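Student: Can we go through this one together? I'd like to start with the contacts.
Tutor: Sure, here it is.
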Amino acid sequence: MKINGLNAAQQEAVLAVEGPILVVAGAGSGKTRVLTHRIAHLIEAYDIFPSSIMAITFTNKAANEMKNRIESLVGPVTSQMWVGTFHAICVRILRRDGHHIGYSSDFVIYDTADQKALIKSCFKALNLDEKQTPIQSFQYKISGAKNDMLSPEQYETLFSKDFRERDFIKLYKMYQDRLKQNQALDFDDLLIKAIELLKNTPDVLKYYQNKFRFIHVDEYQDTNKAQYTLVRLLCAQHKNIFVVGDGDQSIYKWRGADIRNIQEFEADFPGAKIVKLEQNYRSSKNILDMANGVIKNNPRRRDKTLWTDADEGDKIRYYQAYDEKDEARFVVGQIKRLCKDSGYKRSDFAILYRTNAQSRVLEEVLNIEAIPYKVVGGLKFYERKEIKDVIGYLKLMVNPFDDVSFLRVINEPKRSIGDKTIERLNGYAQDHALCLLEACAHVDEIEGIGGKTAEAIKQFYELIKSLGARLDTEFASNIFDELIERTQIIAAYEKERNDDADGRIDNIYELKTVIEEFEKREDVSGLRDFLAEASLKSDQDNISDQEDGVLLMTLHASKGLEFPVVFLVGLEENLFPSYRAQDDDEELEEERRLCYVGITRAEKVLYITHTKNRNHYGRFEPRRPSIFLSEMDQRLIEVMGERPLSAVLKENKSKEHSFFDIKTHKKNPYMPASPHLEKNTSFEGKTFSPGDKVMHKIFGTGMIVTVEKDLKALTIVFDAHGIKKLDPAIAPIKIIG
DNA sequence: GATGCTGCGCAGAAA
DNA sequence: GCGCAGCATC
C-alpha cells in the first residue's frame with residue numbers, strides 16, 4: 001500500500017498506530033482517506049486480524065463506502081471487520097448476547113411510528129389526555145432521557161419532587177415495561193441495552209474488549225453520552241481508539257450530541273495524540289473563504305482555518321427572489337442553463353434547505369420542467385403505510401410478543417375487527433398475562449366475541465402461526481408471496497381502483513424485490529436481519545449513484561456529501577437560522593455550523609438565495625434576509641438579478657419600523673452580546689412582542705408584527721381588517737396568547 | 001364497523 | 001398547504 005499519496009498531516013495520522021488518536025478533520029480534508037488508509041495499514045504492515053477491527057460510521061452508506069475503499073487498498077478483508085453505524089453494531093451485539101439481559105435474538109426494533117403507537121396505548125392505560133400533553137412531546141422526552149442514559153427509575157429519583165413530571169414518570173415506566181413485554185427495542189434502547197449488557201455481564205464485556213483491538217469512530221463530534229459510554233467500554237483494554245471529527249460540523253445537539261466529547265478527548269484519553277487536517281481538497285478557494293468567513297463568527301471554537309491550493313473559481317452566486325415560487329424557478333432555470341452551456345449532469349446538483357417543507361415548491365417546478373430529481377428523506381419507503389403493514393406482519397411472525405405490530409395488522413386489510421373486539425381481546429390478554437396474538441388462540445373463551453369476528457380472529461392467528469413456523473426453513477420471499485396471497489392485501493388495494501392504490505401495490509412488489517435481493521447476499525441471514533436493516537436505514541443510504549437526477553435534501557442530510565454545484569436556498573431570518581434560535585446563542589451557533597456544513601458541500605459552484613416573501617402555513621408573509629448573509633464577504637459574491645446584497649441588507653436596516661422588519665438583529669448596549677436578543681416591550685405591566693395574538697374591541701383578532709421604540713405604536717395585522725398602526729396606550733386591545 | 005368529511009394544528013433537524 | 005383526529009352517516 002502506498003502512503004505517499006497522502007499529505008504530511010494525513011500520513012502522520014495514518015502512521016500513528018497505538019493509543020488514543022484524535023484527527024481534527026476539516027470539511028473536505030480527506031478524512032475518509034485517512035481512515036481507510038489507516039485500517040489498510042494496520043492489516044498490511046502490522047498483520048492485524050480484520051476481525052479485531054471495528055469502525056463506526058454515521059450512515060450505512062458511509063460504512064459500505066469505507067469497506068469498498070479498504071478492499072481496493074488491500075483486497076477482500078472486510079467481511080470479518082465490524083463496520084457499521086452505532087445502531088447496527090449494537091444490534092449485532094444484542095443478537096449475540098442479549099439473552100444475558102432477557103432479550104431473545106428475535107427482538108424487534110421499533111421505529112418512531114411504532115414508538116408513537118406504543119406511547120399512545122400507554123396514554124390510554126394511564127388515562128392521559130392527548131390534548132393536554134401531545135404524544136410527541138413525551139416521545140422527545142423519552143428519547144432525551146435515554147440519550148442522557150437515565151432509566152425510568154433514575155429519572156424518577158431526580159424529578160419525583162416536581163409534580164409536573166409525575167405523568168411523564170408514570171408513562172416512561174409503563175412504556176419501558178411494555179417494550180420489554182413486546183420483546184422490542186426502540187432506537188435509543190439499542191445503545192442503552194447494549195451498554196447495560198456490557199456493564200452487567202463481565203464475561204461478555206471481556207469478550208468484546210479482547211476482540212476489538214482497534215476501534216475507529218467517524219463524526220465523533222456528533223456522538224451522544226450513550227455512544228461515548230459504549231466506545232469507552234469497548235476500548236478500555238487496548239486503548240487503541242482512533243476518532244475523526246470536526247467541531248465546526250457538529251449539528252446534532254438536538255438529538256443529544258455532546259460537543260464536549262470531542263473537546264475533551266485529550267482529558268478523557270490520557271496520552272492522546274492530536275492530528276489536524278486543514279488542507280481542503282474539495283472546494284474552490286472562493287467557496288472555502290466564504291465558509292471560513294461565516295464560521296469565524298462562532299466565538300467558542302478550536303481555532304482552525306481551512307486552506308486550499310485550488311484556484312479561486314467562480315464567485316458565489318446570489319439571488320434575491322420575490323417569493324418561494326420565484327426562488328424555485330430561478331434555481332431550476334440555472335440548473336437547465338448549466339446543463340446546456342457548461343456540460344453539467346443533473347446529478348451534479350444538490351438543492352439544500354433548512355426544513356423538509358421547503359421541498360414541495362421546488363419539486364413542483366422541477367416537475368413542470370420535466371427535470372428528474374430525488375428527494376432525500378421526507379416520507380421514506382419503509383414509512384409508507386402499505387410497507388409498514390406488510391413489515392408489521394413479518395415482525396409479528398418473527399416475534400409473536402410484538403403487540404404494536406399486532407394492533408397494526410389485525411384489521412389490515414379489513415376483517416371487521418374493530419375497537420370493541422380489540423378491547424375484549426386486550427382485556428383477556430391482560431387477565432391471563434398473554435400477548436395479544438396468544439389471546440387469539442383462546443377467542444372461544446372470550447365473552448362478546450363470536451360468529452364471524454371469532455372466525456376472522458382464528459384465521460388470523462392460524463396465518464401468523466403457520467407462516468411463522470416456516471421462517472427458518474424457507475425462503476423469506478416464498479413466505480412473503482403466501483402472506484400476500486392469504487391476506488389478500490394486494491387484492492384489497494386492487495378493488496380501490498385509483499392511482500393511490502396502484503402506487504401502493506407497486507410499493508409492495510418493490511418490497512418483494514428488496515427481500516429477494518437481500519436473500520442473495522452472503523453476509524446476512526434470515527428475515528430478522530432483513531427487518532433490522534430495514535428499520536435502521538438512513539436517508540443517505542437511499543441515495544443511488546446510478547440515477548441522473550437533481551438531489552433535494554435538508555442541510556442535515558447533506559452532511560458528509562459533496563456536489564459540484566450546490567444551491568443553498570431560503571436564507572431568511574426565522575427559517576435559516578430557525579426561529580428557535582432567536583433568543584438562544586447556542587442554537588444560533590449550531591445554525592451557523594449548519595450553514596458552514598452547507599457551504600462546504602460545494603465543489604465548484606455555490607448559489608445562495610432568499611426570498612422577500614414566503615407562504616407559511618398557507619399565509620403570504622414578508623421575509624427578512626438571514627443574518628448569515630451579512631456575515632458573508634461581499635467581495636466573493638456575484639449578484640444574479642437586479643439588486644446587490646449590500647443594498648438588500650442596508651435597505652433592511654433602514655426600514656427599522658416597517659412591516660418588513662418584524663425583528664432586527666441590532667446590537668443594544670443594554671443587552672448581552674447576542675444580536676438575536678430582543679426584549680419584550682412593556683406598558684403598564686402589559687408586554688407586547690411581535691408574534692403575539694391580540695384581541696381588539698372593534699377590529700377583532702390579529703397579530704402584532706412590529707413594536708416601535710418606547711412603545712409609541714404597534715403594527716398589527718388583523719384577520720378581518722388588515723394592517724393597522726395603533727397606540728397601545730389608548731387602543732382597546734388585549735393579548736390573547 | 002366502514003367510510004367520508006371537516007377543521008385544527010402545524011413545519012426543526014433523525015437512526 | 002397538508003395530514004390526522006374526531007365526528008356524522010350509512
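Student: How far is a polar side-chain atom of Arg354 from a base nitrogen of DNA strand B?
Tutor: The distance is 2.6 Å. Keep in mind that this is a predicted model.
Student: And Trp254, how far is its side chain from a base nitrogen of that strand?
Tutor: An N or O atom in the Trp254 side chain sits 2.9 Å from a base nitrogen of DNA strand B.
Student: What does Asn356 touch on DNA strand B?
Tutor: A phosphate oxygen. Asn356 uses a backbone N or O atom, at 2.4 Å.
Student: How many residues surround DNA strand B?
Tutor: There are 29. Tyr579 and Arg580 are among the closest.
Student: What classes do they fall into?
Tutor: Eleven are charged, eleven polar and seven nonpolar.
Student: Which helix gives the largest share of that surface?
Tutor: Helix 19, with three residues. Helix 9 (187–200) and helix 26 (585–599) each supply at least two.
Student: OK, new topic. Which residues are around DNA strand C?
Tutor: Lys120, Arg360, Tyr617 and Gly618. By class, that surface has two charged residues, one polar and one nonpolar.
Student: What does Tyr617 contact there?
Tutor: A base oxygen of DNA strand C. The partner is a backbone N or O atom of Tyr617, 3.1 Å away.
Student: What share of the atoms within 4 Å of the protein is sugar or phosphate in strand C?
Tutor: For DNA strand C, 50%, and the rest belong to bases. For DNA strand B, sugar or phosphate makes up 41%, with the rest in bases.

Technical notes
Residues are numbered from 1 along each chain as its sequence is written. Chains are lettered from A and ligands numbered from 1 in the order in which they are written. This is a predicted model: local features need pLDDT of at least 70, side-chain atom pairs count only at pLDDT 80 or more; totals for chains, interfaces and linings use all residues. Side-chain values use heavy atoms; hydrogens and water are left out. A residue is near a molecule or strand if one of its heavy atoms lies within 4 Å of it. A polar contact is a pair of N or O atoms within 3.5 Å; within protein, one must be able to donate a hydrogen and the other to accept it, and residues adjacent in sequence count only if both atoms are side-chain atoms. Ala, Val, Leu, Ile, Met, Phe, Trp, Tyr, Cys and Pro count as nonpolar, Asp, Glu, Lys and Arg as charged, and the others, Gly among them, as polar. Helices (H or I, at least four residues) and strands (E, at least two) are DSSP runs, numbered from the N terminus.
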